Amino acid sequence: PAGLSVLGKFVQMARREQGLEPAAFAQRLGLDLKELLEIESARTSPELRVLYLVSKALGVSYEKLQILV
């Protein structure tokens, strides 16, 4: 789905703006590295728990992120 691709690009852009490698960014978000890489590559829809952690860490509405998945 197109929404997953948008979410993946958004998360990847946020990570790069912070100058973090995937492992460090995943740790900051409270995610496993695998979960972060799945989001960034838009392979699968993230679990709601993962989406919630991303929303809190990036200061984005959880409801707005849910629309993408």
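**Getting started**

Buried means under 20% relative accessible area, exposed means over 50%, and partly exposed covers what falls in between. I keep that beside me because Tyr-52, with a relative accessible area of 41%, then counts as partly exposed. I also note that this is a predicted model.

**Entry 1: the aromatic pair**

I stayed with Tyr-52 and looked for ring partners. How many aromatic pairs does the structure hold? I found 1. Tyr-52 pairs with Tyr-62, and the arrangement is edge-to-face. The ring centres are 5.8 Å apart, and the planes stand at 75° to each other. Planes over 60 degrees apart count as edge-to-face, so the label follows from that angle.

Where do the two partners sit? Tyr-52 is in helix H4 and Tyr-62 is in helix H5 (residues 62-68), so the pair ties together parts that are 10 residues apart in sequence.

**Entry 2: the nonpolar core**

Next I looked up the largest nonpolar core, which has 15 residues. Which members touch the most others? They are Val-11, Phe-25, Leu-31, Ile-39 and Val-54. I then asked which elements give two or more residues to this core, and the list is H1, H2, H3 and helix H4 (48-58). H4 gives the most, with 4 residues. A general point for my margin: in soluble globular proteins, nonpolar side chains tend to be buried together.

I picked Ile-39 for a closer look. Setting aside neighbours within four places in sequence, I found Ile-39 in contact with Leu-4, Leu-7, Gly-8, Val-11, Leu-31, Pro-46, Val-50 and Val-54. Three of the names I had just written down as core members come back here: Val-11, Leu-31 and Val-54.

**Entry 3: H2 against H3**

I turned to how the helices meet. Helix H2 (residues 22-29) and helix H3 (residues 33-40) have axes that come within 8 Å and cross at roughly 105°. Are they roughly parallel or roughly perpendicular? Angles of 65 to 115 degrees count as roughly perpendicular, so that is the term to use, and H2 and H3 are described that way.

H2 brings Pro-22, Ala-23, Phe-25, Ala-26 and Leu-29 to the contact, while H3 brings Leu-33, Leu-36 and Leu-37. I sorted the residues of this contact by type and got 8 nonpolar, no polar and no charged.

**Entry 4: H1 against H3**

H1 also packs on H3, at an angle of about 120° and with the axes 7 Å apart. That makes H1 oblique to H3. On the H1 side I wrote down Leu-4, Leu-7, Gly-8, Val-11, Gln-12 and Arg-15, which meet Leu-36, Ile-39 and Glu-40 of H3. What types of residue make up this contact? They divide into 5 nonpolar, 2 polar and 2 charged.

**Entry 5: the buried side of H3**

Which residues of H3 are buried? My list reads Glu-35, Leu-36, Glu-38, Ile-39 and Glu-40. What covers them includes H1, H2 and H4.

I followed two of the glutamates. Glu-40 has a relative accessible area of 12% and is buried. Beyond its neighbours within four places in sequence, Glu-40 is in contact with Gly-8, Val-11, Gln-12 and Arg-15. Those four also appear in my list for H1 against H3.

Glu-35 counts as buried too, at 14% relative accessibility. With neighbours within four places again left out, Glu-35 is in contact with Arg-49 and Val-50.

**Entry 6: just past H3**

Right after H3 comes a small surprise for me: Ala-42 takes a positive phi of about 55°, although Ala-42 is not a glycine. Ala-42 is in the loop between H3 and H4. Is Ala-42 buried or partly exposed? Its relative accessible area is 27%, so partly exposed is the right term.

**Entry 7: two residues of H1**

I closed with H1. Met-13 belongs to helix H1 (residues 2-17), and with a relative accessible area of 45% Met-13 is partly exposed. I checked the distance from Met-13 to Glu-40: they are 27 residues apart in sequence and 9.3 Å apart in space, C-alpha to C-alpha.

Lys-9 is in helix H1 as well. At 56% relative accessibility, Lys-9 counts as exposed. Its C-alpha is separated by 18 Å from that of Asp-32, and the two are 23 residues apart along the chain.

Notes: Residues numbered from 1 in each chain as written. Predicted model: local features only at pLDDT ≥ 70, side-chain atom pairs only at ≥ 80, totals over all residues. Heavy atoms only, no water. Axes fitted to C-alpha atoms, helices over the stretch in contact; angles between N-to-C directions. Parallel < 35°, antiparallel > 145°, perpendicular 65-115°, else oblique. Contact = heavy atoms within 4.5 Å. Nonpolar A, V, L, I, M, F, W, Y, C, P; charged D, E, K, R; others polar. Buried < 20%, exposed > 50% of the residue type's maximum accessible area, 1.4 Å probe, protein only. Core = buried A, V, L, I, M, F, W, Y, C linked by side-chain atoms within 4.5 Å. Phe/Tyr/Trp six-rings, centres within 6.5 Å; stacked < 30°, edge-to-face > 60°.
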